[in-house]
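Dear colleague,

I am passing on the structure we spoke about, and I would be glad if you could look through it alongside the notes below.

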Amino acid sequence: MGLSKSPPDGPKLPSVSVSPSAEIVEGSSVNLTCSSDANPAANYTWYKENEDSPKASGQIFTITDFRAEHSGNYYCEAQNRRGRQNSTLHLIVVAGSSTMIMNIIRLTVVVLMLIPLLLLSLWARKKKTLSSTTGPHEPEEIELDSRPAYENISDTAADRRPRGAGRPGVKSSQMQ
């Protein structure tokens, strides 16, 4: 009893799968797998939609450090000398919580670095404005007058008045 060979046949519609099958988190690694029944065995080539050059060859295509730009439609082409078939797989990246936390931290650091720069800029502007409006401060010489601003009028008035005049208790009849 001999083994019968199946007749040569082109690839059947390939089956494509993604691992892990859960949501694809940004920064993770993704394996795309393609398989098809074909006789002789099919060769596999991976393409990304709207790109001409192949992304990989072989049944498994691994994307490490998956990013938003990796999102899109990928298709696997199974080919042998009898024909070719392809199947499409749609991949979408989901932002990971660690990525969002890192982005928040980055934004916070940038804002905290900008605040002192803004304050320094405002302080320099204020200092420049004040110095340009008041001008340079040079010491002024002030000449002081050594003469008194008033005279002791009580001494001079006493010289002009008769003795006893205007003094309490002295009658004008007592004056000479």
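The notes that follow cover the sheet, the core and one residue.

This is a predicted model, in which local features need pLDDT of at least 70 and side-chain atom pairs count only at pLDDT 80 or more, while totals for chains, interfaces and linings use all residues. Residues are numbered from 1 along each chain as its sequence is written, and side-chain values use heavy atoms, with hydrogens and water left out.

An open sheet is formed by four strands (DSSP runs of E, at least two residues) in the order S5-S4-S7-S8, with antiparallel pairing (two strands pair if DSSP finds at least two bridges between them). Strand S5 (56–57) and S8 stand at the edges with a single partner strand each, so one side of each has no neighbour in the sheet. S7 and S8 run antiparallel and are joined by nine bridges, and Asn80 stands opposite Gly83 in S8.

The largest nonpolar core (buried Ala, Val, Leu, Ile, Met, Phe, Trp, Tyr and Cys residues joined through side-chain atoms within 4.5 Å) has 17 residues, of which Leu32, Trp46, Phe61, Phe66 and Leu91 touch the most other members. At least two residues of this core come from each of strands S3 (30–35), S4 (43–48), S6 (60–63), S7 (72–80) and S8 (83–91).

Glu77, in strand S7, is buried at a relative accessible area of 10% (buried means under 20%, with a 1.4 Å probe and protein chains only). The side chains of Glu77 and Arg84 are joined by a polar contact of 3.3 Å (a pair of N or O atoms within 3.5 Å, one able to donate a hydrogen and the other to accept it; residues adjacent in sequence count only if both atoms are side-chain atoms).

With best regards

Conventions:
Buried < 20%, exposed > 50% of the residue type's maximum accessible area, 1.4 Å probe, protein only.
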